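Here's a quick briefing to read alongside the structure. Have the viewer open, and we'll go through it topic by topic.

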Protein chains: 2
Amino acid sequence: MENKKIYITARCPIRTTLELVGGKWKLLIMHQLYGQTLRLNKLKAAIPDISEKMLIQELKVLVQSGLVHRKSYGEVPPRVEYSLTGKGENVKPLIKEMVNFSRKYEEKSRVGG
Amino acid sequence: MENKKIYITARCPIRTTLELVGGKWKLLIMHQLYGQTLRLNKLKAAIPDISEKMLIQELKVLVQSGLVHRKSYGEVPPRVEYSLTGKGENVKPLIKEMVNFSRKYEEKSRVGG
C-alpha cells in the first residue's frame, strides 16, 4: 500500500507534464525530432496523418514552451528547421516508458493477464 | 544522431500508450488508484476539478482497456470499488517519468536553460 500521494492540484507534476506534452501529437513530434533537426515537410512525412495546420500549431506551442527550437534562415523560399532544445531532450526517458508501457500491455493482453 | 526511428503508424507503441492513458484525466485517476482501492467519491475528492460525469466515463474506458478493475458488491445503496489491474500497475514507471520530466523542466526554467 502506498499512502503518500501527490495531491492532484493545478500544480501537480503529472499535470504540468500533461500540459506540456499531452494531447495526441506533441510526443510524436518530439520523438521524430530526437537527435535530429527536421524541416516541416520531413516532419509531416514522418507523421502522415497529422494535418499541416495541426503540425504547425503544435510546433508553435512546443516552441513557446521552450521544448522545441525553431530556426529560420531568412531565405526565400523560406527555410525553417526544428530541433529539440535541452529541455525538450528530457522527453527521451518519458517516451521510453511510453514504449515500455505499450509493450507490457500488449504482452499481458496476449497471455490473457 | 539517432537514425533508427519508430515509424509513426497507427500501431506505433507511443500511440498505443496515448490511446490507453492519454488525455487529461486517465493518468491522474490511475495515479490515485496506485496501491489502493477507492470508491467513486474518494476519487472525486482526490481530483476536485473533474466532473462526476467525466470521472465515470474515464473509469469506464479504463475498465474496458483492462487497466482498472471495477468491483460491485451488489449492495443497496450501491457499493462499487475501483483498483488497478496488473496491467494498470505498469503505469507506475510512466508516471514516475512524467514527474521527472516536469521537475527537470521547471528546474531548467528557473536557471534559464
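Strand S2 (residues 68–72) of chain A runs antiparallel to S3(A), and the two pair over five bridges. Keep in mind that this is a predicted model. From that strand pair we'll move on to the core, then a helix contact between the chains, and finally a single threonine.

**Strands in chain A**
- One contact to look at between S2 and S3 is Val68(A), which sits opposite Leu84(A) in S3(A).
- S3(A) has another antiparallel partner: strand S1 (residues 38–39) of chain A, joined to S3(A) over two bridges.
- On the S1 side, Leu38(A) has Tyr82(A) of S3(A) as its bridge partner.
- S3 itself (residues 80–84) is mostly covered, with five of its five residues buried.
- Which way do the S3(A) residues point? Val80(A), Tyr82(A) and Leu84(A) go one way, while Glu81(A) and Ser83(A) go the other, and all are buried.
- That fits the usual pattern, as side chains in a regular strand alternate between the two faces of the sheet.

**The nonpolar core**
- The largest nonpolar core has 64 residues, and the members touching the most others are Ile14, Leu27 and Ile29 of chain A and Ile14, Leu27 and Ile29 of chain B.
- Take Leu27(B): leaving out residues up to four places away in sequence, its contacts in chain A are Ile14(A) and Leu18(A).
- Within chain B, Leu27(B) touches Val21(B), Val91(B), Leu94(B), Ile95(B) and Met98(B), with that same sequence cut-off applied.

**H1(A) against H2(B)**
- Helix H1 (residues 13–21) of chain A packs on helix H2 (residues 26–33) of chain B at an angle of about 160°, and their axes are 10 Å apart.
- That angle makes the two helices, H1(A) and H2(B), roughly antiparallel.
- The crossing of H1(A) past H2(B) is right-handed.
- Who meets whom here? Ile14(A), Arg15(A) and Leu18(A) from H1(A) meet Leu27(B), Leu28(B) and His31(B) from H2(B).
- H2(B) is largely enclosed by the rest of the structure, because eight of its eight residues are buried.
- Among those buried residues are Lys26(B), His31(B) and Gln32(B).
- Just past the end of H2(B), Gly35(B) has a positive phi of about 75°.

**Thr16(B)**
- Buried or exposed: which is Thr16(B)? Thr16(B) counts as buried, since its relative accessibility is 7% and the cut-off for buried is under 20%.
- Thr16(B) belongs to helix H1 (residues 13–21) of chain B.
- Not counting residues up to four places away in sequence, Thr16(B) touches Ser102(A), Glu106(A) and Arg11(B).

Note on methods: Residues numbered from 1 in each chain as written. Chains lettered and ligands numbered in written order. Predicted model: local features only at pLDDT ≥ 70, side-chain atom pairs only at ≥ 80, totals over all residues. Heavy atoms only, no water. Buried < 20%, exposed > 50% of the residue type's maximum accessible area, 1.4 Å probe, protein only. Helix = DSSP H or I, 4+ residues; strand = E, 2+ residues; numbered from the N terminus. Pairing = 2+ DSSP bridges. Core = buried A, V, L, I, M, F, W, Y, C linked by side-chain atoms within 4.5 Å. Contact = heavy atoms within 4.5 Å. Axes fitted to C-alpha atoms, helices over the stretch in contact; angles between N-to-C directions. Parallel < 35°, antiparallel > 145°, perpendicular 65-115°, else oblique. Left-handed = near helix turned anticlockwise from the far one by under 90°.
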